Amino acid sequence: MRQFLPTRSDEPMYWLLFGAGGMVASMVLPAIMVVLIAAGYTSDDLNSGFLNLNQVHNIFSNWLLSLIVFGVVFLLSFYALHRMHHSSHDFGIHSKLTWYIAYGLAAAVSFVSLGLQLLMYVKYF
Amino acid sequence: MEATQKTMKVTVLRYRPEQDKEPWEQTFDVPYHKDTSVLEALFYIKDNFEPSLSFRWSCRMAVCGSCGMMVNGVPHLACKTFLRDYEGKSMKIEPLANFPIERDLVVDLSDLIEKIERIKPYIIPDAKNANMPLNKNFKQTPMQMEAYLQFAQCINCGCCYAACPQYKLNPKFIGPAALTLLYRYNVDNRDAGAKLRAPFLNSEEGAWSCTFVGYCSEVCPKHVDPSSAIQLGKKMSATDYVFNMIKPEH
Amino acid sequence: MSEVKSYRKPYNPPVKKATWWLENPFYVFYMVREATAVLALFAVLEIVLGIFSLALCEYSQAATLTGISPYIWYLQDFLGNPVVMGLNVVILVSQLFHAVTWFALMPKAVRVFMNKNSTELLPEWVTKAALYAGLIGATVVILAVAYLTK
């Protein structure tokens with residue numbers, strides 16, 4: 001009898017990441033965008049503009065703040081690419097390929113960010 | 001009275017399987033007053049212009065769920081939709097979307113019925129209560145009833161399937177009404193069948209084909225809110241997934 | 001077997017696999033809602049680009065400016081570029097739109113009773129108010145910290 005039952009999907013894992021990432025995108029990302037815009041606006045002032053070198057140095061030499069930045073990057077990339085993966089389905093593309101591209105890219109972006117952050121952490125100390 | 005009678009151009013999609021290759025449109029001038037329903041407009045057409053027009057109906061009071069059809073592209077119960085709300089516009093009546101058209105406005109709902117059957121839409125008591133004598137009652141507090149009552153209002157009209165783009169794109173998707181009823185029985189305190197229903201909830205064609213478009217809740221004539229039941233079902237399924245990871249059952 | 005001839009010939013309307021959503025404003029709204037994820041991805045890539053430019057810097061030579069030229073490029077030529085700034089404003093607006101749609105749907109996934117003996121459900125506005133409070137709180141904290149530590 002059991003073989004007639006549908007198999008369990010692994011979607012919950014991605015859905016939970018998507019849910020957490022969607023929360024980050026709605027609560028934290030607007031403020032991050034304001035900071036990025038402000039950083040562009042004050043970029044002529046290298047000493048006391050937004051995201052000046054000292055400030056970002058302080059962020060990435062603090063393991064907790066660096067971990068928070070990584071968490072934001074990790075959750076947002078999985079959130080965005082999960083949604084885009086499902087959108088490809090909405091445009092009539094039903095292929096396992098979009099699954100590999102979406103979650104592969106999300107994992108790659110997260111790993112690159114984590115690697116670079118570890119590199120900086122080591123370099124600063 | 002006759003002179004002040006308003007009329008509306010009502011276009012009906014016709015399909016006669018024995019002679020038509022494809023559906024075609026036929027337009028009628030239908031007189032109406034403030035409480036003419038779409039169903040009554042169809043009666044008028046059948047009585048006065050086109051006796052062969054086929055459509056399903058029974059109770060005329062939004063209880064039986066027979067007269068689901070597309071009115072200007074939106075799923076509605078014909079008995080609960082009124083021409084007065086379309087005043088100044090024309091009206092186009094089509095059979096319920098996403099289902100095979102059998103004849104005129106009659107669709108084949110077999111897929112919906114089979115999917116609802118699949119999730120065992122009845123109370124499955126646990127072993128202790130399975131042989132309870134008929135003169136004994138299950139106890140249920142008002143709060144325990146409130147937990148499922150809203151989702152028990154489903155009349156299986158199929159409007160949510162006609163509204164669901166995921167069902168349109170992938171007919172294997174078990175769909176809003178089946179998932180809603182699955183949730184409805186799972187949260188009923190008299191029921192112990194959640195394990196038997198779990199495979200249909202946890203699978204790709206179960207709750208995980210839903211992308212929370214939310215249109216099913218918008219069109220539901222009984223305000224069941226299927227998309228809410230599906231999100232709650234996803235939470236149920238995700239919890240089950242995590243527990244299964246920690247302590248696999250098989 | 002029935003002796004009566006069957007005239008059944010169900011008609012399956014064709015499905016527009018890529019353009020179905022153009023037929024209903026509700027679906028268009030849904031697709032716009034989903035499309036905000038593309039801009040969120042762009043924001044992530046911007047952040048990672050910043051981290052990358054920072055990692056290229058030789059901080060010990062910071063006094064000479066050449067050591068930190070990758071990050072200066074990121075700040076002045078990338079973030080300071082009017083095109084990127086304009087795009088960032090678009091991303092900001094899209095993410096606020098995402099927040100509104102996200103918060104509007106979230107109460108549907110929350111179904112809790114007011115208390116143990118009540119048949120009254122937690123009202124939707126409470127969930128929504130908590131989410132908006134989260135957005136405002138997080139924004140105030142991040143902007144205050146970014147401003148005070150610069």
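**Chains A, B and C: what the terms rest on**

Q: What share of the contacts in chain A with a separation of 6 or more comes from residues 24 or more positions apart?
A: In this predicted model, the share is 68%. A contact here needs C-beta atoms within 7 Å.

Q: What makes up the secondary structure of chain A?
A: It comes to 5 helices and 0 strands. Along the sequence, the pattern reads α-α-α-α-α. A helix must run for at least four residues to count.

Q: Why is chain A called more spread out than a compact globule?
A: Compare two values. The globule rule gives 14 Å for 125 residues. The radius of gyration of chain A is 19 Å, well over that, so chain A is more spread out than a compact globule. The box around its C-alpha atoms is roughly 70 × 30 × 25 Å along the principal axes.

Q: How much of chain A counts as buried?
A: Of its 125 residues, 45% do. To qualify, a residue needs 20 or more other C-beta atoms within 10 Å of its own.

Q: How many residues does each side bring to the contact between chain C and chain A?
A: Chain C brings 48 residues and chain A brings 50.

Q: Which elements give two or more residues to the side of chain C that touches chain A?
A: Four helices of chain C do: helix 1 (25-55), helix 2 (69-79), helix 3 (82-105) and helix 4 (124-148). Helix 1 of chain C gives the most, with 15 residues.

Q: How do the residues of that side of chain C divide into nonpolar, polar and charged?
A: The split is 36 nonpolar, 8 polar and 4 charged. Gly counts as polar in this tally.

Q: What is the strand order of the open sheet in chain B?
A: The 5 strands run 2-1-5-3-4, with mixed pairing. The twist from one strand to the next averages 35 degrees.

Q: Why are strand 2 (24-32) and strand 4 (74-77) of chain B called edge strands?
A: Each pairs on one side only. Pairing takes at least two bridges, so a strand that meets this on one side only is an edge strand.

Q: How do you know that strand 3 and strand 5 of chain B pair?
A: Count the bridges. Strand 3 (residues 68-71) and strand 5 (residues 91-95) of chain B share 3 bridges and run antiparallel. The cut-off is at least two, so the two strands pair. One partnership is that of Val71(B) with Ile93(B) in strand 5.

Q: Which strands does helix 1 (residues 38-48) of chain B touch?
A: It packs on the sheet, touching strand 1 (6-14), strand 2, strand 3 and strand 5 of chain B. The direction of helix 1 makes about 105 degrees with that of strand 2 of chain B.

Terms used:
Residues numbered from 1 in each chain as written. Chains lettered and ligands numbered in written order. Predicted model: local features only at pLDDT ≥ 70, side-chain atom pairs only at ≥ 80, totals over all residues. Contact = placed C-beta atoms within 7 Å. Rg over C-alpha atoms; globule rule 2.2 N^0.38 Å. Buried ≥ 20, exposed ≤ 12 C-beta atoms within 10 Å, placed from the backbone. Axes fitted to C-alpha atoms, helices over the stretch in contact; angles between N-to-C directions.
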